[in-house]
Amino acid sequence: MLRYVGKRLLMMLLTLWVIVSLTFVLMVTIPGSPFNSERGTNEAVQSNLEAHYNLDEPYIVQYVLYLKSIATFDFGPSIKQPSQTVNDMLGRGFPISFELGIITIIVAVISGVTLGVFAALKHNQIIDYLAMGFAVLGISIPNFVLATLLIQQLAVNLEWFPVARWLSPTHMILPITALATGPMAIIARLTRSTMLEVLTQDYIKMARAKGLAPWKIICKHALKNALMPVVTIMGTLLAGILTGTFVIEKIFAVPGMGKYFVESINQRDYPVIMGTTVFYSAFLIIMLFLVDIAYGILDPRIKLHKKGGK
Amino acid sequence: MKTKWVDQARQEPVQASEVPDAWFVWKKQDKAALEAVSRPSLSYWKDAWRRLVQNKLAMTGFVFLVLLTIFAIFAPILSPYEVNKQDLPNQYQPPSQEHWFGTDNGGRDVFTRTWYGARISLFVGLMAALIDFTIGIIYGGLSGYKGGRTDHIMMRIIEVLYGLPYLLVVILLLVVLGPSLGTIILALTVTGWVGMARIVRGQVLQIKNYEFVLASKSFGTKTSRIIRKNLLPNTMGPIIVQMTLTVPSAIFAEAFLSFLGLGIQAPFASWGVMANDSLGSILSGHWWTLFFPAFFISFTMFAFNVLGDGLQDALDPKLRK
């Protein structure tokens, strides 16, 4: 187990290094200095600015400085809003995005698993077809389309929910629905197919033969094993939800990190784009690592599998 | 287990030893029926196709995609309207005889633009799938076939790339390279091929130990030829499925990027650009400007997804009847 964790940890650090270096290389290759604006700055001012941000040093020194600043969680300044740093934006925006993301995951997992289990239990019956039809729709409709549909129908026409912003629980319902539907559909399909497989296993027959209550068989014996693949794709889903927050926050005017990120892309505010990408990538890579470890702990078979170098 | 013999006339059980010989009758054999082949022997691909045709949902997707491709090629040519020509007096016309899908904020015909968008979205999706396929097959095939140290190193590289968040890397690359059709496809494939390579490698690992590969090897066949002639044809099933799933994810990614302002740039129209441009107009009631591109994005993704699912079942040799 320790060996496995150590190996994953090494992989994680390597991945982190790749994304940080990639960001650095891209930043350096952008034509012109970040201070070359259309208005044109005084040359003395410009060289002072460059010295201030160490842009006059050779690349290798800049690289080391960059690695150092990332390691100390300093993601640099914003050029378009000089009074702000990326850290300021993260501090304000990230908690809101995090809240949105966490609730979305919880909603997606609970509803997805429930839907999948019911579909599997009523295999080839009307509930199964309805649930899977719903799931295919959920996978096919992009979240931004769903979001606009929800706003148009439920917020504008019926006036059940507020159109946008992030103030009270009722404001959260539409963005979370729009964001959670896709992952929910994926989880539902996965749960259904593994559940169907698990239900034919001998130990389930055994439990049935012993006269255990059906709900107990499903919750305690079948579901435990059927959920393993869901744990595996958790990392991918997380990445999807996280990037999904960018558009959802834009559409619903949620003041989260995604909004700053999209703004910084539109204004080509490179340090903010780079800083945010590095932060989010690091966040995701660490999450993936944790998911892997959790999987190793939950599934005793994993040690055998991993030895083959799979 | 003992079989119980029942006297049909008296409806009571009879001991096995007491069964009269008269009960046994020679079964008539029809020589012709025995000789006849019950079913023409099918090749793997014919059988897969036969099963795919039986899957109604997958066929719906397939037919939709064929129609979509035909329309994407011919509709813009036949349409009397120009894609990017603005006609401001005719702004926001609802769907009508002249404008089947209505007009948008610039008075442009949404019908024409939708099919132009289909061209770009399909092109991005297919190119991404094709490039992933090429790189994935070469990399995965080599890694799986060589095995040992080479495989180990190649797999570690893949693991690192696999850990990178896909869309974030795409965004990063596009911000620097500047959005255009070429750079979008490039950005989508820079890390996109990893999934394909993993699948190919897994398949090759499985198949390379079969006897026919060994036989080929003992004849002194070159590595590249073994990979091309022996291994790849037998790994095609999962690869095709993966390709049908790459296309919708690339189309989705393109639409997503358009939303961030990193998609195809105006005046070109992709579905994502059209949907993004009409976000505001839906609140003012011009629903058609959003509905048609959104519908086609969703239905194309749906079609590819069900086709992929259908292919997965059809190409699985275990399910062969």
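M12(A), T15(A), L16(A), I19(A), V20(A) and T23(A) are the buried residues of helix α1 of chain A. A residue counts as buried if 20 or more other C-beta atoms lie within 10 Å of its own, as exposed if 12 or fewer do, and as partly exposed in between, with C-beta atoms placed from the backbone. The model is predicted: local features need pLDDT of at least 70 and side-chain atom pairs count only at pLDDT 80 or more, while totals for chains, interfaces and linings use all residues. Residues are numbered from 1 along each chain as its sequence is written, and chains are lettered from A and ligands numbered from 1 in the order in which they are written.

## Helix α1 of chain A

Helix α1(A) covers residues 2-29, which is 28 residues, and reaches 41 Å from its first C-alpha to its last. This is close to the 40 Å expected at 1.5 Å a residue, where the expected span is 1.5 Å times one less than the number of residues. Helices (H or I, at least four residues) and strands (E, at least two) are DSSP runs numbered from the N terminus. The cover over the buried residues of α1(A) comes from both chains, and includes α3 (59-71) and α12 (270-298) of chain A as well as α5 and α6 of chain B. Contact here means that the C-beta atoms of two residues, placed from the backbone, lie within 7 Å.

## The two chains

Chain A has 13 helices and zero strands, whereas chain B has 13 helices and two strands. Along its principal axes, the C-alpha atoms of chain A fill a box of roughly 85 × 60 × 25 Å. Burial and the share of contacts between residues 24 or more positions apart, among contacts with a separation of 6 or more, are listed below for each chain.

| Chain | Residues | Buried | Contacts 24 or more apart |
|---|---|---|---|
| Chain A | 310 residues | 37% | 73% |
| Chain B | 321 residues | 41% | 67% |

## Where the chains meet

The contact draws 34 residues from chain A and 32 residues from chain B. On the chain B side, α5 (148-163), α6 (166-177), α10 (223-259), α12 (279-283) and α13 (287-315) each supply at least two residues. The most comes from α13(B), with eight residues. By class, the side of chain B that touches chain A has 26 nonpolar, five polar and one charged residues. Ala, Val, Leu, Ile, Met, Phe, Trp, Tyr, Cys and Pro count as nonpolar, Asp, Glu, Lys and Arg as charged, and the others, Gly among them, as polar.

Y166(B) lies in helix α6 of chain B. It counts as buried because it has 23 C-beta neighbours inside 10 Å. Neighbours within four places in sequence aside, Y166(B) is in contact with A239(A) and T191(B).

Helix α11 of chain A (residues 257-266) also packs against chain B. Seven of its 10 residues are buried, so α11(A) is largely enclosed by the rest of the structure. The buried residues are M257(A), G258(A), K259(A), Y260(A), F261(A), S264(A) and I265(A). They pack against α4 (86-121), α10 (228-251) and α12 of chain A, together with α6 of chain B. After α11(A) comes R268(A), which has a positive phi near 50 degrees.

## Helix packing around α4 of chain B

Helix α4(B), residues 110-146, packs with α7(B), residues 181-190: their axes come within 9 Å and cross at roughly 40 degrees. That crossing angle makes α4(B) oblique to α7(B). Axes are lines fitted to C-alpha atoms, for helices over the stretch in contact, and angles run from 0 to 180 degrees between N-to-C directions. Angles under 35 degrees count as roughly parallel, over 145 as roughly antiparallel, 65 to 115 as roughly perpendicular and the rest as oblique. The crossing of α4(B) past α7(B) is right-handed; a crossing is left-handed if the near helix is turned anticlockwise from the far one by less than a right angle, and right-handed if clockwise. From α4(B), V124(B), M127(B), A128(B), I131(B) and D132(B) meet I184(B), I185(B), L188(B) and T189(B) of α7(B). Seven of these contact residues are nonpolar, one is polar and one is charged.

Helix α4(B) also packs with α3(B), residues 56-78, where the axes come within 8 Å and cross at roughly 125 degrees. These two helices are therefore oblique to each other, and α3(B) passes α4(B) in a left-handed crossing. L68(B), T69(B), F71(B), A72(B), A75(B) and P76(B) of α3(B) meet T112(B), W115(B), Y116(B), A118(B), R119(B) and L122(B) of α4(B). This contact has nine nonpolar, two polar and one charged residues.
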